Every structure is written in structure tokens, then in C-alpha cells.
Amino acid sequence: MTPLRPPAAPVRIDATRIRRTYEAVLGDPRIGPPRLADEEQRAHFAGLLRGHMWLLVPPVERLMPRMVGPFNRSAARHVITRAHGVLAVPVLGASSAGDLFDLATLSRALLTLYAHPDNHEGGVVPCRRNGSPVTAGSGASAPECR
């Protein structure tokens with residue numbers, strides 16, 4: 001397994017783009033996932049989702065020790081372990097409909113773990129808007145988060 005290294009410079013996490021990508025694959029919950037019959041389209045989404053996961057895994061790993069309660073840490077550990085396993089598979093081998101669904105679900109789980117500082121004890125967490133560090137509970141209203 002290739003270890004994930006933090007990027008040399010801080011990376012801005014675009015939660016809206018990540019959400020749009022996984023929603024395009026997962027579809028409307030009332031209708032189900034769309035049919036992505038085109039191999040090129042599936043490969044495109046697989047690449048996007050994998051890129052989002054590469055961005056999200058390191059910050060979630062850094063946040064995990066501060067998560068409140070053993071269940072939250074256990075859930076985060078499970079998602080991170082699964083993400084490492086998925087990222088170890090070459091992108092060309094991960095573009096079936098089932099693989100895309102797994103990538104989208106993992107991206108959604110990682111973004112949820114990253115974006116909700118309410119699940120962390122007091123301390124520094126990433127701003128929901130721009131990823132800059134803010135005090136837990138202050139969210140996007142903190143002066144540092146502008």
C-alpha cells in the first residue's frame with residue numbers, strides 16, 4: 001500500500017465540487033444511481049472520485065484522534081482503511097458501476113468526517129468553507145475562516 005503523504009502546500013478542499021461529483025454517481029436516493037454505460041464517462045468519474053479521496057484522507061487521518069467517542073474514531077478508521085485499499089487498485093481496474101458506487105460512497109463518508117467539526121473535541125479543526133484551521137464549534141463564522 002502506498003502511504004499518503006500530505007501535500008507540500010496546503011490544499012483547499014472544494015466540498016461543493018466533491019459533493020456534486022459523488023451525487024452525480026450516486027444519483028437521487030428516490031430514483032437510484034444513473035446508468036453510466038460509457039466506459040470513458042465511468043473512468044472520468046473514477047478519476048475524479050479517487051482524486052477527491054487522495055485530498056480527503058490525510059486531513060481526516062489528522063482529525064481522527066480528536067473525534068469524540070470511540071464509535072466516531074472507529075467509523076473514521078474503517079473509512080480510512082477502506083479508502084487506502086481502494087486507492088491501492090489502479091484506476092483502470094476501478095471503473096465498473098459497483099466500483100464507482102464504492103468510490104462515491106467513500107468520498108461522501110470522507111467529506112462528512114472532514115466537514116463536521118461538531119464531532120471533534122475542543123481544539124483546532126478545518127474551516128468548512130476554506131479548510132483553514134479554526135476553533136472547534138466556531139465553524140465558518142470564525143474570523144480566521146474568511
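A residue is called buried when its relative accessible area is under 20%, exposed when that value is over 50%, and partly exposed in between. Keep that scale in mind as we walk through this predicted model.

**Overall layout**

The protein has four helices and two strands. Reading from the N terminus, the order of elements is α-α-α-α-β-β, which puts the helices ahead of the strands. Of the 146 residues, 37% are buried. The surface that remains exposed comes to about 8500 Å², with carbon and sulfur atoms supplying 58% of it. If we take contacts between residues at least 6 apart in sequence, 61% of them join residues at least 24 apart.

**The core**

In soluble globular proteins, nonpolar side chains tend to be buried together. Here, the largest nonpolar core holds 31 residues, and Met 53, Leu 100 and Leu 110 are the ones that touch the most other members. The elements giving two or more residues to this core are α1 (15-26), α2 (39-63), α3 (70-87) and α4 (97-115).

**Where α1 meets α4**

Helices α1 and α4 pack with their axes 9 Å apart, at an angle of about 150 degrees. Their crossing is left-handed. On the α1 side, the contact is made by Ala 15, Ile 18, Arg 19, Tyr 22, Val 25 and Leu 26. These meet Leu 100, Phe 101, Ala 104, Thr 105, Ser 107, Arg 108 and Leu 111 in α4. By type, the contact residues divide into nine nonpolar, two polar and two charged.

**Two residues to look at**

Val 25 is a good one to find in your viewer, and it lies in helix α1. Its relative accessibility is 4%, and because buried means under 20%, Val 25 counts as buried. Leaving aside residues up to four places away in sequence, Val 25 touches Pro 33, Pro 34, Phe 45, Leu 49, Leu 100, Phe 101 and Ala 104. Among these neighbours, Leu 100, Phe 101 and Ala 104 also appear in the α4 side of the helix contact described above.

Ser 74 sits in helix α3. Its relative accessibility is 37%, which lies between the two cut-offs, so Ser 74 counts as partly exposed.

Each of these residues can also be placed by its C-alpha to C-alpha distance to a partner:

| Pair | Apart in sequence | C-alpha to C-alpha distance |
|---|---|---|
| Val 25 and Arg 42 | 17 residues | 9.0 Å |
| Ser 74 and Met 64 | ten residues | 8.9 Å |

Definitions and conventions. Residues are numbered from 1 along each chain as its sequence is written. This is a predicted model: local features need pLDDT of at least 70, side-chain atom pairs count only at pLDDT 80 or more; totals for chains, interfaces and linings use all residues. Side-chain values use heavy atoms; hydrogens and water are left out. A nonpolar core is a set of buried Ala, Val, Leu, Ile, Met, Phe, Trp, Tyr and Cys residues joined through side-chain atoms within 4.5 Å. Buried means under 20% relative accessible area, exposed over 50%, partly exposed in between (1.4 Å probe, protein chains only). Axes are lines fitted to C-alpha atoms, for helices over the stretch in contact, and angles run from 0 to 180 degrees between N-to-C directions. A crossing is left-handed if the near helix is turned anticlockwise from the far one by less than a right angle, and right-handed if clockwise. Contact means heavy atoms within 4.5 Å. Ala, Val, Leu, Ile, Met, Phe, Trp, Tyr, Cys and Pro count as nonpolar, Asp, Glu, Lys and Arg as charged, and the others, Gly among them, as polar. Accessible areas come from the Shrake-Rupley method with a 1.4 Å probe; for residues, only the protein chains shown count as cover.
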